[in-house]
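Q: Could you take one small part of this protein and walk me through it slowly? I'm new to this, so plain language would be great.

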Amino acid sequence: MAFVWVIILSVGLIQGVFIISSLQTLFPRGSRKTWLYRLLKGLQITPVLFIFASAIWFFFMEILPIEVAKPYSSLQGIFYIITACYFWLNMVFNYLSAMIISPGYPGTRQELEEDTDIHLESLKFCAKCSRVRDRGTHHCSSCNSCVMFMSHHCPFTNNCVGLNNYAHFYLFLLHCCLGLAFAVYCTYTPFMVCMLNYPSPYKAANMCQELGDYAVMFLVVSFLLVFIFMMFCFHTFLLVVDMSMIDFLKICQKLTCKDWLKVILIDRCIRRKKLLLRKLMLYRREKWWKFLIPGFNEIPELLPPDEFLV
């Protein structure tokens with residue numbers, strides 16, 4: 001019964017995120033009110049924070065004592081703890097960074113008028129927010145602002161994913177996939193033994209009694225792994241074809257299947273230089289190993305030119 005209530009709560013919270021996001025789109029003026037914006041943001045991040053807290057509690061209180069005989073004094077137990085904490089810390093850090101860090105807002109007309117060295121006649125400004133409209137810049141109706149190299153507005157962080165926080169969002173998906181794969185591995189045997197009566201010498205006398213309904217958590221983490229892995233693959237595909245999600249949706253609406261194969265898979269995937277990959281990912285860290293540890297983006301002084309950007 002406990003498992004059923006967990007599923008109901010999780011599904012309800014996740015559905016609530018999309019409902020709130022839809023309301024913000026339908027009523028953009030109301031969502032920009034300070035008190036309402038903070039309330040909606042708090043409600044939208046609740047599902048992910050709930051899953052984070054539940055995951056670390058479930059691992060230490062339920063899975064670890066069953067998987068390892070001496071969880072805190074054996075090499076296997078220490079390995080399990082280090083692995084789980086590593087994935088959990090990277091997921092939480094990159095999620096909060098993607099939520100808090102500004103995606104990158106271009107300057108407004110009023111701000112640029114104060115700089116006498118800039119010729120405003122050569123710039124294009126957004127009619128909705130009066131910010132500079134450059135190549136790769138899109139206006140977000142939820143944030144009521146233009147965002148540099150905007151990929152999309154994420155309902156789970158209530159923040160746009162753009163130039164300054166895309167690396168955090170992508171690393172969040174990556175570590176989620178790795179962490180959920182580890183969770184699937186840890187919950188597979190209890191599920192097979194307790195729910196499907198699979199014979200195994202691993203089975204302890206009181207394991208199924210201690211787990212109870214939580215033995216079915218294997219199905220939950222498997223479903224989440226498939227969902228997150230599909231998102232991760234999609235954003236990896238966008239980086240490979242050098243497109244944001246907004247550009248992908250705009251272009252695909254105009255292409256036939258034959259044109260899609262030629263334009264997307266051949267021209268953009270093979271022949272095109274990966275500008276977005278360089279700007280959004282490769283220029284976010286000085287060393288490759290910094291992608292593996294929690295750390296803020298290192299905003300470079302000089303980004304690669306926009307000569308290949310559509």
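A: Let's go straight to Phe149, which counts as buried because its relative accessibility is 8%, and the cut-off for buried is under 20%. Keep in mind that this is a predicted model. On the chain, Phe149 sits in the loop that links strand 2 (145–147) with strand 3 (152–154). Its backbone is worth a look too: Phe149 has a positive phi of about 50°, and it isn't a glycine. Why point that out? Because most residues other than glycine have a negative phi.

Now hop along to Asp242, another non-glycine residue with a positive phi, this time about 60°. Asp242 is also in a loop, the one between helix 8 (217–240) and helix 9. With a relative accessibility of 2%, Asp242 counts as buried. Just before it in the numbering comes the span 218–241, which is 96% helix and 0% strand, with its end C-alpha atoms 34 Å apart. The unreviewed UniProt entry lists 218–241 among its "transmembrane region" stretches.

For contrast, try Lys254. It lies in the loop between helix 9 (245–252) and helix 10 (257–271). Lys254 counts as exposed, since its relative accessibility is 71% and the bar for exposed is over 50%. On the surface, Lys254 joins Lys128, Arg133 and Lys250 in a patch of positive charge.

So you've met two buried loop residues, Phe149 and Asp242, and one exposed one, Lys254.

Notes
Residues numbered from 1 in each chain as written. Predicted model: local features only at pLDDT ≥ 70, side-chain atom pairs only at ≥ 80, totals over all residues. Heavy atoms only, no water. UniProt positions renumbered as here; feature names shortened; annotations may be inferred. Helix = DSSP H or I, 4+ residues; strand = E, 2+ residues; numbered from the N terminus. Patch = residues over 30% accessible without salt bridge, like charges linked within 9 Å, V, L, I, M, F, W, Y side chains within 5 Å. Areas by Shrake-Rupley, 256 points an atom, 1.4 Å probe, with all protein chains shown as cover. Salt bridge = Lys/Arg side-chain N within 4 Å of Asp/Glu carboxyl O. Lys, Arg positive; Asp, Glu negative; His and termini not counted. Charge placed at Lys NZ, Arg CZ, Asp CG, Glu CD. Buried < 20%, exposed > 50% of the residue type's maximum accessible area, 1.4 Å probe, protein only.
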